[in-house]
Amino acid sequence: MHHENTGSHAHSLPEEMGADFWDERYRTKDRVWSGRPNRQLVAEAADLAPGRALDVGSGEGADSVWLAERGWRVTAVDISTVALDRAAAHARERGDAVADRITWRQADLTVWTPPEAAFDLVSAQFMHLRPEPMARLVGALATAVAPGGHLLIVGHHPADVANHVPRPPYPEMFYTAEDLVALLPDTGWSVVVGEARPNSQTLDGRVYEVHDAVLRVRRDPA
């Protein structure tokens, strides 16, 4: 799972949806996602001073390009080489100044460990994994945040399932901001935003009221 989409969703189950699944999904469509940066990234990062960013599950690169256009130096990580190639092409279309600020890296996020304290912003948008790999991922992403930096995690809220939004029948893969806070290291964090943020979204031709779980935390300065 990478980015929010305006059509149907496919949620990644690690044992079923690895690199081959995602490569094939991207290969068989000219565009899988909307091409726009995720709205909660825009809402939460627009006023941050540019620095070093990690875009987790970068997909076709809309978030990475948006960040690079604003002066961030971005490391974009995705499991799919097809998606990364497409994203790099999109970045080049925006010009060398944008493309040169982005490093594209293929990795399976269920096992990859990012460098420690290396990023001023770590963004994970709509990454949905089973509870155990999700807990590991959140811990790894927290470790990657530099002192004074921010961790932003956004995902589908469990209320969507109860509200009959067409989501896959895996409620254990959805989470609240409070669920995410519980996965952070015990100390050294300040919650900037932790909420269920309502939005409308069109899925399969119908408009639904949905909720995004939005958590932005700041690592205490050294």
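How much accessible surface does the protein have, and what share of it belongs to carbon and sulfur atoms? The accessible surface comes to about 9,700 Å², and carbon and sulfur atoms account for 49% of that area. Please keep in mind as you read that this is a predicted model. The protein has eight helices and seven strands, and buried residues make up 54% of its 222 residues. Among contacts with a separation of 6 or more, 73% link residues that are 24 or more positions apart. Here is a friendly tour of some of its elements and residues.

**Parallel strands β1, β2 and β3**

- Strand β1 covers residues 52-56 and runs parallel to β2, with five bridges joining the two.
- One position to look at in this pairing is A53, which stands opposite V74 in β2.
- On to the next pairing: β2 is also joined to strand β3 (residues 102-106) by five bridges, and these two strands run parallel as well.
- Here V77 has R105 in β3 as its bridge partner.
- Strand β2 spans residues 73-78, and five of its six residues are buried, so the strand is largely enclosed by the rest of the structure.

**Helix α3 and the β-α-β unit**

- Together, β1, α3 and β2 form a β-α-β unit, and the unit is right-handed.
- Why can helix α3 be called largely enclosed by the rest of the structure? Seven of the eight residues in this helix (residues 62-69) are buried, so the surrounding structure encloses most of it.
- The buried residues of α3 are A62, D63, S64, V65, W66, L67 and A68.
- Just after the helix comes G71, whose phi is positive at about 100°.

**From D78 into helix α4**

- D78 belongs to strand β2, and with a relative accessibility of 0% it counts as buried.
- The side chain of D78 reaches the backbone nitrogen of S80 at 2.9 Å.
- S80 in turn caps the N-terminal end of α4, where one of its side-chain oxygens lies 3.3 Å from the backbone nitrogen of V82.
- Helix α4 itself takes in residues 81-93, which makes 13 residues. From its first C-alpha to its last it reaches 18 Å, close to the 18 Å expected at 1.5 Å a residue.
- Which residues of α4 are buried? They are V82, A83, L84, R86, A87, A88 and A91.
- An α-helix has 3.6 residues a turn, so residues three or four places apart point the same way.
- H90 also has its place in α4, but this histidine is partly exposed, with a relative accessible area of 22%.
- H90 offers a link back to the other helix: its C-alpha is 8.3 Å from that of A62, although the two residues are 28 apart in sequence.
- Just after α4, G95 takes a positive phi of about 110°.

**S123 in strand β4**

- Is S123 buried or exposed? Its relative accessibility is 1%, so this serine counts as buried.
- S123 lies in strand β4, which is made up of residues 119-125.
- The side chain of S123 makes a polar contact of 3.1 Å with the side chain of Q125.
- Leaving aside residues up to four places away in sequence, S123 touches L41, L54, D55, V56 and L152.

**Positive phi outside glycine**

- Most residues other than glycine have a negative phi, which makes the next two residues worth a look.
- F126 has a positive phi near 60° and sits in the loop between β4 and α6 (131-144).
- With a relative accessible area of 1%, F126 is buried.
- H164 also has a positive phi, near 65°, and is found in the loop between α7 (159-162) and α8 (177-181).
- Where F126 is buried, H164 is exposed, with a relative accessible area of 67%.

Conventions: Residues are numbered from 1 along each chain as its sequence is written. This is a predicted model: local features need pLDDT of at least 70, side-chain atom pairs count only at pLDDT 80 or more; totals for chains, interfaces and linings use all residues. Side-chain values use heavy atoms; hydrogens and water are left out. Buried means under 20% relative accessible area, exposed over 50%, partly exposed in between (1.4 Å probe, protein chains only). Helices (H or I, at least four residues) and strands (E, at least two) are DSSP runs, numbered from the N terminus. A polar contact is a pair of N or O atoms within 3.5 Å; within protein, one must be able to donate a hydrogen and the other to accept it, and residues adjacent in sequence count only if both atoms are side-chain atoms. Contact means heavy atoms within 4.5 Å. The expected span of a helix is 1.5 Å times one less than its number of residues. Accessible areas come from the Shrake-Rupley method with a 1.4 Å probe; for residues, only the protein chains shown count as cover. Two strands pair if DSSP finds at least two bridges between them. A crossover is right-handed if, with the strands pointing away from the viewer, the path from the first strand over the helix to the second runs clockwise.
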